[in-house]
Amino acid sequence: MRATVTGIGRGSEAINFLVHAGGVPDLLTTPTAEFARVMAINATGAFSVLREVGLVTQAQRTGSIAAVASVAAKEARRAYVLYNASKADVMNVCWSLALVLGPDSASVNCVGPRSLTRALTPLLGLEPITLR
């Protein structure tokens, strides 16, 4: 990750903006190895890229970082335990990174969108989806 970010920063253009998004929902009965895999993708992957680009924006004293978490980071869902945990991690890393980079004029944002299907269901006159 560091080599990739450093390589981009060596070009004629500075890193001005990063968007990180990733997601894999799974069930409560998922084995520990699967938990580690999901956390590696959603949490560790986000942490790695946010850290590396954060170092660049701090050195530049400018830049914007945006990560995509999920409303699941703040609303528990029975069938998405791993997804909830990993997205809460992304959100908390962003909050902390914003505190660190804010004084250096870098911007860090994290969005927590709701499922479009769920949000649009009433507008489209469809029946709501219920997780069982």
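This passage describes the overall fold of the chain, its helix α2, a buried asparagine in that helix, and two cysteines.

The model is predicted. The chain comprises 4 helices and 3 strands. In sequence order, these elements give the pattern α-β-α-β-α-β-α. Of the 132 residues in the chain, 34% are buried. Among contacts in the chain with a separation of 6 or more, 68% are between residues 24 or more positions apart. The accessible surface of the chain amounts to about 8100 Å², and carbon and sulfur atoms contribute 61% of that surface.

Helix α2 covers residues 32–60 and has 29 residues. The distance from the first C-alpha of α2 to its last is 40 Å, which is close to the 42 Å expected at 1.5 Å a residue. A kink of about 45° is nevertheless present in α2, and alanine 40 lies at its centre. After α2 comes arginine 61, which has a positive phi, near 60°.

Asparagine 42 is one of the residues of helix α2. The relative accessible area of asparagine 42 is 1%, so this residue counts as buried, the limit being under 20%. The side chain of asparagine 42 is in polar contact with the side chain of serine 86, at 2.9 Å. Asparagine 42 thus combines a buried position with a polar contact made by its side chain.

The cysteines were examined for disulfides, and the count comes to 0. Cysteine 94 takes part in no disulfide; the nearest cysteine sulfur belongs to cysteine 110 and is 4.1 Å away. Seen from cysteine 110, the closest cysteine sulfur is that of cysteine 94, and the 4.1 Å between them is too far for a bond. The pair is not counted because a disulfide requires the two sulfur atoms to be within 2.5 Å. The two residues also fall into separate classes of accessibility. Cysteine 94 has a relative accessibility of 3% and is therefore classed as buried. Cysteine 110 has a relative accessible area of 23% and is partly exposed, because this class lies between the 20% limit for buried residues and the 50% limit for exposed ones.

Methods: Residues numbered from 1 in each chain as written. Predicted model: local features only at pLDDT ≥ 70, side-chain atom pairs only at ≥ 80, totals over all residues. Heavy atoms only, no water. Buried < 20%, exposed > 50% of the residue type's maximum accessible area, 1.4 Å probe, protein only. Polar contact = N/O pair within 3.5 Å; in protein donor to acceptor, adjacent residues only side chain to side chain. Contact = heavy atoms within 4.5 Å. Areas by Shrake-Rupley, 256 points an atom, 1.4 Å probe, with all protein chains shown as cover. Expected span 1.5 Å × (residues − 1). Bend = angle between axes of the 7 residues up to and from the residue.
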